[in-house]
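Student: I have the sequence and the coordinates open. Can we work through them together?
Tutor: Gladly. Here they are.

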Amino acid sequence: MSETSEGAPHDVSAMLSNPGLLVAAEPGRALELLERARDPEARFVAAVYRSSVDVHRTLGAGLRRQVLALDAARLGDRELAAWFAVAELPGVAPAAWTADWASGPDHRLLRTLVGHDGPVTAVATAVVDGRPVAVSGGRDATVRIWDLATGVPLHDPATGASDAVSSMTAEVRSVATAVVDRKPVAFTLYADETVLVWDLATGRAVGECVSFVEGTELDGRCVVLTRGGERTLRVWDLLTGRQIGSFPWATGLATLDGRRVVLTVDGIDADRTVRVWDLGTGSELGESLEVVRTAVLDGNLVAFTAAVDGAPCMWDLTTGRPVDIAPGDDPARSDDEGLPAGSTVTVVQGRAVAVGLDHEEPELIGDLAPARQNGVSVRGQETAVLAGCTVALTAGADGTLRFWDLTTEHHRTDGVRVICSIAPEGRPPVPSAASAPSAASAPSVDAEEQGPLWRLLSGRENGGSSRGSTVQVGSRAVREEDAVVLTAEKDGTVVVRAANGLPVGRPFTGHTDRVWSMDITETEEQAEGEPGATLAVTTALDQTVRVWDVATGRQQGSPLTGHTGQVWDVSTTTADGRPVAVTAGADHTLRVWDLADTRETGLRGAEHTGSVLAITTAVLEGRSVAVTAGADRTLRTWDLTTGQQAAAPVTDLEGETAAMTTAVVDGRVVVVTAGPGATLRVVDLAGGRDVHEPVLTHHGRVLAIATATLDGHPVAVTAGSDRTAAIWNLATGRQIGEPLTGHTSRVTAVATAVLEGRPVAVTGSWDKTVRLWDLATGRQIGEPLTGHTDWVTSVATTVVDGRPAAISKSRDKTVRLWDLATMRQTGGAQPSGTDPHGTVAVTVRDGRPVVAIGHGQTVELWEPTTGREADEPYVLPLPVDLLSTAPCGRLVVAFGPEIAVLRPTAPS
């Protein structure tokens with residue numbers, strides 16, 4: 001991967017006539033030239049180049065050639081794939097493997113944005129300097145701003161403030177964008193409930209949304225008190241907007257002898273010193289005394305402190321008054337068992353005004369206690385009312401306080417909310433009723449934890465609300481005179497509602513679980529005079545993304561597929577004049593989709609809409625096929641030569657498939673599957689019907705399956721979490737003999753072979769051993785094969801120099817080769833990959849076994865007999881989930897919801 005790319009040519013026609021020139025070109029320049037071209041061939045090549053540019057832009061020319069060939073196959077052009085595969089590159093050997101064909105990415109996928117180090121939980125869109133951008137946040141606690149035209153980040157990743165206790169930065173829960181005083185900004189809501197404001201043009205934090213505590217007069221000045229991050233109470237001059245004081249970790253406010261005072265605690269220090277400050281002057285009042293212990297005296301909680309002269313002093317923590325100790329009284333006799341331990345008492349002019357108790361919030365006491373009128377908390381309210389407008393208060397990085405009018409929520413520029421500042425005009429704001437959700441604005445399901453400030457800023461509740469989402473839709477969506485609201489219901493449907501809350505038109509039906517997020521956009525009027533449409537894009541906990549025509553309630557095309565996990569958020573915008581959606585996924589990526597492309601391609605609807613969980617091969621009606629089971633709970637059968645569907649899908653699987661294999665029963669090809677439990681199912685692959693009733697095993701959970709022939713009958717060998725293996729007659733569903741016992745931990749892998757004419761099984765276990773079993777007798781052959789120092793996760797069988805052999809892979813990151821006749825280790829390898837659970841398959845190249853190991857986005861190829869790398873690693877655009885062998889030395893690779901068939905090229 002150390003190769004470097006040469007400079008790009010200046011002529012797109014030169015690149016299209018020479019694959020080596022295109023492959024070796026600098027990626028940014030090559031893509032720029034391709035996307036400028038208007039020739040259909042050039043635009044298709046651009047689509048291929050763009051499909052995985054985030055992957056191959058950092059690779060050398062040899063690996064880029066490989067990825068481009070695969071992407072051409074994924075997009076259905078096998079000739080272009082072959083054109084890329086044979087590209088001649090100076091100093092680079094010819095490709096050792098190439099893609100015969102691949103199931104394609106969704107043709108509506110424009111770009112994949114990669115960079116987050118954890119699940120992406122939130123996304124919003126905006127326009128910066130005329131360019132559409134996406135703003136994303138995730139569990140890696142970073143905020144990223146992307147140019148949607150190029151897929152390149154505009155700025156370095158940004159993070160919020162670190163927590164003073166854990167030194168950790170909070171995760172980003174949600175993102176919203178707006179134009180504030182003509183500048184595009186983003187708001188990010190963190191798990192600690194702070195809201196930061198970012199300048200999208202610079203990528204820098206420019207402020208923080210703070211809570212309104214109170215407006216008051218202080219030393220002749222009209223001031224506003226706010227509460228922000230780390231519980232900092234800030235004092236602002238209302239006329240100038242400048243900060244005139246700040247008090248970190250403030251917990252209470254009160255009036256003491258006519259002066260406004262604030263109570264603070266020294267963060268997370270062990271002594272938790274409590275202090276009282278004059279709000280106007282910023283000077284500390286009184287003395288903080290260490291608490292020796294607490295006790296109960298005459299029913300009141302009292303604290304003992306050490307006076308300056310060393311004599312004990314006792315304070316009533318209800319009244320704040322000192323308590324005299326009678327001569328001869330011993331404080332040690334007080335019963336303080338189970339009482340809270342104290343840290344400090346703050347004394348001002350001979351009376352205690354505040355106390356800090358361990359593990360409790362410091363509080364004002366006596367006449368200053370919050371129960372009295374002159375003592376208030378500093379929690380504040382999220383919004384306030386100023387000059388009749390509901391406002392958000394923001395503390396700028398420049399040390400100023402601003403009031404943003406949130407009342408006019410329908411004003412938009414480039415589809416983004418417009419917010420303007422409002423001047424205080426010398427009058428302090430007052431608490432806002434918007435801080436409590438009203439019945440009229442509440443969603444149709446349970447209220448979400450996110451407060452009204454976030455609903456006012458974002459205009460929607462998606463990206464973190466599992467209980468419901470609402471979106472305001474343009475008036476032409478249903479009726480000219482009324483706007484409508486989309487509400488997510490608990491049954492997975494989305495209902496269009498009028499302003500009075502009544503349903504309008506048909507609900508959106510298709511999701512099989514709760515809708516998590518949604519957004520809307522509008523398409524332009526078509527050239528043929530067809531009117532544009534209002535489209536809604538929804539994501540749900542069923543891991544699908546769907547597009548709907550709001551007016552008709554009909555789904556537009558098949559679900560958008562590509563994410564390999566939960567899709568947490570969606571936002572829409574316009575790019576190059578076309579409506580697009582940006583989705584944020586648990587697979588650490590953002591994906592950009594063309595919503596105007598409603599074409600149905602030949603393979604659409606015949607592919608998995610979720611990750612492939614199991615894969616095996618067979619021969620069906622004379623054709624070599626691959627069988628895949630997906631997270632969408634379907635089985636699909638693929639012709640290994642053409643990539644077309646070879647049989648109707650089986651769609652009634654119960655749960656996600658954990659293990660799968662194929663066999664021939666009474667002349668019929670069957671697939672044997674195990675779900676998340678202990679049940680086996682045997683299905684006729686051609687007809688889609690069960691051969692017999694599902695078989696309940698004793699395993700607790702079936703972890704692996706292999707098939708063999710025993711006494712002329714097809715059997716399945718299962719391995720499970722109960723530490724045993726078992727043999728099953730596939731024609732009858734009955735168990736043969738007793739369970740195979742010997743492993744001391746769960747059995748995670750099984751394969752079969754023929755040894756000296758006898759069918760045998762090879763098993764691997766968490767007990768770090770590999771064992772060999774005679775299927776005819778049900779007995780273990782010889783001693784366990786030892787050497788692995790951690791769990792054995794995979795086993796496979798092969799033939800080496802005409803002798804049966806087994807290959808095992810362990811969590812110790814080694815691969816070992818075993819001669820089954822001698823029961824000895826004869827080879828092995830130590831792959832460079834760091835994934836201890838990577839998938840394994842064994843194929844044959846030039847008459848010798850080759851072990852294929854998937855880890856991350858790479859397939860490594862090793863010769864177990866020599867321990868040397870057999871070929872250059874094969875890189876894929878998504879993580880490799882599964883590998884399986886196929887005839888003629890081919891490999892079937894499952895990555896995300898897609899599969900590809902790789903074949904070796906010329907002999908090495």
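**Strands, a helix and the interior**

Tutor: Strands β37 (residues 534-540) and β38 (residues 545-549) run antiparallel, joined by 5 bridges. Bear in mind that this is a predicted model.

Student: Which residue in β38 does A536 stand opposite?
Tutor: The two strands, β37 and β38, are antiparallel partners. A536 falls within β37, residues 534-540. Across from A536 in β38 stands W548.

Student: Which are the edge strands of the open sheet?
Tutor: The sheet has 4 strands, paired antiparallel, in the order β36-β37-β38-β39. An edge strand pairs on one side only. That gives β36 (515-522) and β39 (554-555).

Student: Is C209 buried or exposed?
Tutor: C209 sits in strand β11, residues 204-218. Buried means under 20% relative accessible area. C209 has 9% relative accessibility, so the class is buried.

Student: Which residues does C209 touch, leaving aside those up to four places away in sequence?
Tutor: Contact here means heavy atoms within 4.5 Å. With sequence neighbours up to four places away set aside, the partners of C209 are F187, V195, V197, L393, T394, L453 and L457.

Student: Why do the buried residues of α3 lie on the same side of the helix?
Tutor: Helix α3 spans residues 27-36, and its buried residues are P27, A30, L31, L33 and L34. They share a side of α3 because around the axis they cover an arc of only 160 degrees.

Student: What covers the buried residues of α3?
Tutor: The residues to cover are P27, A30, L31, L33 and L34. Several elements take part. They include α1 (12-17), α2 (19-24), α4 (40-51), α5 (53-56), α6 (61-74) and β2 (109-114).

Student: Which residue caps the N-terminal end of α3?
Tutor: Look for a side-chain oxygen by the backbone nitrogen of G28. The separation is 3.1 Å. The capping residue is E26.

Student: What volume does the largest cavity have?
Tutor: Searching the whole structure gives 4 cavities of 30 Å³ or more. The largest is lined by 13 residues, with G104, P105, D106, P897 and E898 nearest its centre. Its volume is about 80 Å³.

Student: What percentage of the residues in the protein chain is buried?
Tutor: The chain's secondary structure comes to 8 helices and 69 strands. There are 908 residues in the chain. The buried share is 56%.

Methods
Residues are numbered from 1 along each chain as its sequence is written. This is a predicted model: local features need pLDDT of at least 70, side-chain atom pairs count only at pLDDT 80 or more; totals for chains, interfaces and linings use all residues. Side-chain values use heavy atoms; hydrogens and water are left out. Buried means under 20% relative accessible area, exposed over 50%, partly exposed in between (1.4 Å probe, protein chains only). The arc is that of the directions from the helix axis to the C-beta atoms. A polar contact is a pair of N or O atoms within 3.5 Å; within protein, one must be able to donate a hydrogen and the other to accept it, and residues adjacent in sequence count only if both atoms are side-chain atoms. Two strands pair if DSSP finds at least two bridges between them. On a 1 Å grid over the protein atoms alone, a cavity is a set of points where a 1.4 Å probe fits but cannot get out, and a pocket is an open set with protein on both sides within 12 Å along at least five of seven lines; lining residues have an atom within 4 Å of a point. Grid points are joined across faces, edges and corners, and a volume is the space filled by probe spheres set on the points.
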